[in-house]
Each structure stands twice: as C-alpha cells, then as structure tokens.
Amino acid sequence: MLDILPTADALIIAPPSSSTDYRQLASLLVSTFDAPESADDANANDDAITNTKTNANAGAKIFEKMQWMLYDKSLTEQKTYTQYTSITKQMKGKKHALFVAKEYIPPTPDNDNRASYNVVGMVEMGVTLVPISLPYDDIIDNNNDGDNDSDGSHTAGNRVGLRPQATLGVLCVSSLHRNQGIGRALVEKCEYVAEQIWNETRLFVEVEPCNEMALKFFDKYGFHGTRHGTDGGWEMRNATVSRRRKVESRPHIVLEKGF
C-alpha cells in the first residue's frame with residue numbers, strides 16, 4: 001500500500017522496491033548510528049582542562065574519521081544492505097514489515113532532468129517476545145509443577161511473562177528531514193498494519209534509557225512504559241544492537257500503545 005501526499009513535494013511511505021532503495025536505506029542507517037563524531041564535536045564534548053589532552057583527543061578523532069571514510073563506512077553500508085535484503089527474503093509471508101519514507105526530487109539539470117525519490121526515513125516492525133504482566137489464570141503450566149513456563153517475576157498477583165507481540169524495530173529519519181512529521185507517519189503506517197492487517201491490539205517498542213529524544217517522541221504519540229515491582233522500576237529487557245558491524249546486547253525500556 002502506498003501513501004502519497006497530494007502535493008508536488010510528495011512523500012511516499014512504502015516497502016523498499018529496488019536495490020537503490022535498500023542502498024539508500026543502508027546509507028541512512030550507517031550515517032545515523034555508526035558514523036564517528038567529528039574532531040569539532042570531540043573538542044566541544046571534551047571536559048579536559050589542558051590543551052594537550054584536548055589536542056590528543058581531537059587527533060584520535062581525526063584518525064578515526066579518516067579510517068571510517070577510507071574503508072569502514074563502505075564495509076558497514078554493505079553489511080547493512082545485505083542484512084536488510086536477506087531479512088526481507090527470509091521473512092516473506094511472515095509478520096514482518098519494512099517501510100521507507102521517500103522524498104520526491106524534481107527533475108533538474110543535475111539529475112539529467114529526471115524526477116526521482118530519495119529515502120529519508122525508515123522503520124521496521126516484527127513480532128518479538130515482550131515481557132508483559134499476565135494474570136496467573138492466563139499462564140499455562142505445561143510441566144504440572146505449580147509454576148508457569150515463562151520467565152518472570154511475581155508482582156501484585158500477576159507474573160511478568162514473555163509473549164509474542166507486534167514490536168517496532170529501528171526507526172530512523174535523516175537529520176535534514178526531522179521535525180517534519182516523517183517519523184510520525186512511519187509509526188502510523190506500522191500502527192495501521194499491526195491493528196488492521198495483523199489483528200494486534202497493542203504495539204510495543206524498546207528504547208535505550210539514555211535515548212531521551214526517542215523516549216520523548218514515543219511518549220508524545222501515546223507509547224508508555226510500565227512500572228512494576230517493589231522499587232517501581234521500568235519494565236526492561238535486553239535487546240540486540242548492531243554498531244559498526246559489531247553486535248551487542250543492551251538494556252531497553254519496554255513501551256507500549258494500545259489500539
């Protein structure tokens with residue numbers, strides 16, 4: 001399904017439809033999440049008092065940037081491209097969705113007078129095991145041992161168990177196109193698919209506690225976390241994060257929105 005705004009500067013939100021779409025998607029992700037900070041950023045963020053430490057830090061950042069531009073960037077983009085094209089093939093026919101936001105580029109002499117679309121945002125959604133609060137009556141004891149078969153903790157008459165739920169994965173918008181409603185449009189597309197096509201009643205997303213911008217964004221659009229236990233801590237789970245071709249597990253806050 002295509003969503004096209006009825007203006008000259010149309011924005012399309014749809015699954016990637018070509019190799020170019022996947023290449024641009026990979027470039028967007030890598031530039032957003034993997035690129036090293038510049039030497040200027042390093043100087044601005046350095047709390048060192050002495051010029052020696054500041055200069056050394058800036059020098060290291062310059063070397064890192066050169067290394068990134070020489071080969072790390074292209075290798076990371078190729079891995080990301082391969083990852084997403086493979087996932088699309090493997091998940092065909094299953095509950096998995098990948099959408100890109102493509103901005104209309106009018107014909108100019110610089111692009112041989114041909115109109116085109118450039119990827120400026122993306123979002124993915126699938127079904128993952130999410131910790132949710134479940135009444136004891138909803139938990140099946142397959143082993144007849146008086147305990148449920150899902151990991152969790154006992155709080156206020158409920159247990160926190162793992163259940164497959166529609167979950168947003170990566171949401172990314174180009175730095176030059178933020179605050180234009182593109183992120184909201186991508187999330188709304190996923191909400192439509194989850195509710196109307198997958199017949200889900202809730203949509204989840206996992207956000208790192210340090211990502212204040214993402215937490216504020218999702219709170220604004222109706223996603224909320226759950227506090228539980230005696231300390232009132234946030235519902236958390238470890239999620240896999242890929243940075244510069246390295247994969248690691250990090251704690252994330254679980255947010256949800258009901259339909």
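Let's start at the second largest pocket, which is lined by 18 residues, with Pro15, His96, Ala97, Leu98 and Phe99 lying nearest its centre. Keep in mind as you look around that this is a predicted model. From the pocket we move to helix 4, which supplies at least two residues of that lining, and then to the loop that leads into this helix from strand 6.

**The pocket**
- The space in the second largest pocket comes to about 350 Å³.
- Its lining is made up of 12 nonpolar, three polar and three charged residues.
- Strand 3 (96-105) and helix 4 each contribute at least two residues to this lining.

**Helix 4**
- Helix 4 has 16 residues, so at 1.5 Å a residue it should span 22 Å. Its end C-alpha atoms are indeed 22 Å apart, in agreement with that expectation.
- The buried residues of helix 4 are Ile182, Gly183, Leu186, Val187, Lys189, Cys190, Glu191, Val193 and Ala194. Charged side chains are included here, with Lys189 and Glu191 both on the buried list.
- As general background, an α-helix has 3.6 residues a turn, so residues three or four places apart point the same way.
- After helix 4 comes Asn199, which has a positive phi, near 60 degrees.

**The loop before helix 4**
- Ser174 sits in the loop that runs between strand 6 (158-173) and helix 4 (182-197).
- Ser174 has a relative accessible area of 14%; this is under 20%, so the residue counts as buried.
- Leaving aside residues up to four places away in sequence, Ser174 touches Leu28 and Val120.

Conventions: Residues numbered from 1 in each chain as written. Predicted model: local features only at pLDDT ≥ 70, side-chain atom pairs only at ≥ 80, totals over all residues. Heavy atoms only, no water. Helix = DSSP H or I, 4+ residues; strand = E, 2+ residues; numbered from the N terminus. Buried < 20%, exposed > 50% of the residue type's maximum accessible area, 1.4 Å probe, protein only. Contact = heavy atoms within 4.5 Å. Expected span 1.5 Å × (residues − 1). 1 Å grid on protein atoms, 1.4 Å probe; cavity = no way out; pocket = protein on both sides within 12 Å on 5 of 7 lines; lining within 4 Å. Points joined across faces, edges and corners; volume = space filled by probe spheres on them.
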